Amino acid sequence: MENKEAHGASIPSLGFGTFMLEPADARRMVEAALDIGYRHIDTAQLYHNESDVGAAMTASGVDRGEIFLTTKVWIDRFKAGDLEASADESLARLDTDYVDLLLLHWPNADVPLEETLEALQRVKESGKARHIGVSNFNIALIQQAVETVGAETLVTNQVEYHPFLSQRKVLAQARQFGMLLTAYCPLAQGKVMGNATLRNIGGKYGKSEAQVALRWLLQQDRVIAIPRTRSEDHAQANFAVFDFELNDDELARINTLLGEERLITPGIAPMWDRP
């Protein structure tokens, strides 16, 4: 496992996501992931599994200081005062004194971004979140956030990113500001399986299409990934991506797959940046 750095944060480049995991599955899979060797766990208030993630961390026996834990504030808690209270509620559910990273889950045009970011900063200043960042922000919103709190304050922008969705502009901006891009849905919700390009490249290394897709992400500067699965076997396979390296030609071949196949498109989404 390698860590990637941003503004004082050192984050394991491969994490375990818990999006859409029911509570029992979240507890089972987080405990399994920690046993496999994952040390970066991602959850959110919206997932309604923070309590189970916290219970799994405790049951795992892994020292809290070894785990990089991320959660996210939902958009209905973005007002000053309410955001800070919601962070306390998340900590109680997670049974921890702090999270390593606290993100704004989606933008919310109904609350001034400056108000929300300043409240997020106060959570960090209190020590209840060691680092802060955002999720699902386009480049215009990132620019506004940086103008509000400074680039050095924000660690990551967590967005959908996989071999079928170009995030060229968002990634270039993250690099410009010294931030990381955290890739969710890195396997395109399983759609990488069966892709001929990924399968052919994987054949050389004895790796699956999913493993090749994750390796492609992790070899990119300032990119980390948080695949999610309900299968312990798949979690183990996803972790087995540090024993091979794609060459420049293989990376370029995967880049030709990049397009606009976006899978997560809720009504609250901002206007996405085109490739």
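Q: Quick one before I start clicking around: what counts as a helix here, and where does the numbering start?
A: Helices are DSSP runs of H or I with at least four residues, and they are numbered from the N terminus. Keep in mind that this is a predicted model.

Q: Got it. Which helix gives the largest share of the lining of the largest pocket?
A: That would be helix 9, with 3 residues in the lining.

Q: And how many residues line that pocket in total?
A: There are 34 lining residues, and the ones nearest the centre of the pocket are Cys 185, Pro 186, Gln 189, Pro 227 and Arg 228. The elements that contribute two or more residues are helix 8 (209-218) and helix 9 (232-239).

Q: What's the mix of classes in that lining?
A: The lining of the largest pocket has 17 nonpolar, 13 polar and 4 charged residues.

Q: How much space lies in the largest pocket?
A: About 630 Å³.

Q: Since helix 8 came up, at what angle do helix 7 and helix 8 cross?
A: Helix 7 (residues 196-205) and helix 8 cross at roughly 90°, and their axes come within 8 Å. The two helices are therefore roughly perpendicular to each other.

Q: Which residues meet there?
A: From helix 7 you have Leu 198, Arg 199, Ile 201 and Gly 202, and they meet Glu 209, Val 212 and Ala 213 of helix 8. Sorted by class, this contact has 4 nonpolar, 1 polar and 2 charged residues.

Q: Let's move along the chain. How do helix 3 and helix 4 cross?
A: The axes of helix 3 (residues 82-94) and helix 4 (residues 113-125) cross at roughly 40° and come within 8 Å. So helix 3 is oblique to helix 4.

Q: Is that crossing left-handed or right-handed?
A: The crossing of helix 3 and helix 4 is right-handed. Helix 3 makes the contact with Leu 83, Glu 84 and Ala 87, while helix 4 uses Thr 116, Ala 119, Leu 120, Arg 122 and Val 123. In that contact, 5 residues are nonpolar, 1 is polar and 2 are charged.

Q: What about helix 2 and helix 3, how do they pack?
A: Helix 2 (residues 50-60) packs against helix 3 at an angle of about 45°, and their axes are 7 Å apart. That makes helix 2 oblique to helix 3. Glu 50, Ser 51, Val 53 and Gly 54 of helix 2 touch Ser 90, Arg 93 and Leu 94 of helix 3. The contact of helix 2 with helix 3 has 2 nonpolar, 3 polar and 2 charged residues.

Q: New topic: how many cavities of 30 Å³ or more are there?
A: A search of the whole structure turns up 2. The largest cavity has a volume of about 40 Å³, and the second largest holds about 30 Å³.

Q: Which residues line the largest cavity?
A: Look for Phe 137, Asn 138, Val 159, Gln 167, Val 170, Arg 262, Trp 272 and Asp 273. By class, they are 4 nonpolar, 2 polar and 2 charged.

Q: And which residues line the second largest cavity?
A: Its lining is made of Ser 166, Gln 167, Arg 168, Lys 169, Val 170, Asp 273, Arg 274 and Pro 275. Here the split is 2 nonpolar, 2 polar and 4 charged.

Q: Which residues should I look for in both linings?
A: Gln 167, Val 170 and Asp 273 appear in both.

Technical notes. Residues are numbered from 1 along each chain as its sequence is written. This is a predicted model: local features need pLDDT of at least 70, side-chain atom pairs count only at pLDDT 80 or more; totals for chains, interfaces and linings use all residues. Side-chain values use heavy atoms; hydrogens and water are left out. Axes are lines fitted to C-alpha atoms, for helices over the stretch in contact, and angles run from 0 to 180 degrees between N-to-C directions. Angles under 35 degrees count as roughly parallel, over 145 as roughly antiparallel, 65 to 115 as roughly perpendicular and the rest as oblique. A crossing is left-handed if the near helix is turned anticlockwise from the far one by less than a right angle, and right-handed if clockwise. Contact means heavy atoms within 4.5 Å. Ala, Val, Leu, Ile, Met, Phe, Trp, Tyr, Cys and Pro count as nonpolar, Asp, Glu, Lys and Arg as charged, and the others, Gly among them, as polar. On a 1 Å grid over the protein atoms alone, a cavity is a set of points where a 1.4 Å probe fits but cannot get out, and a pocket is an open set with protein on both sides within 12 Å along at least five of seven lines; lining residues have an atom within 4 Å of a point. Grid points are joined across faces, edges and corners, and a volume is the space filled by probe spheres set on the points.
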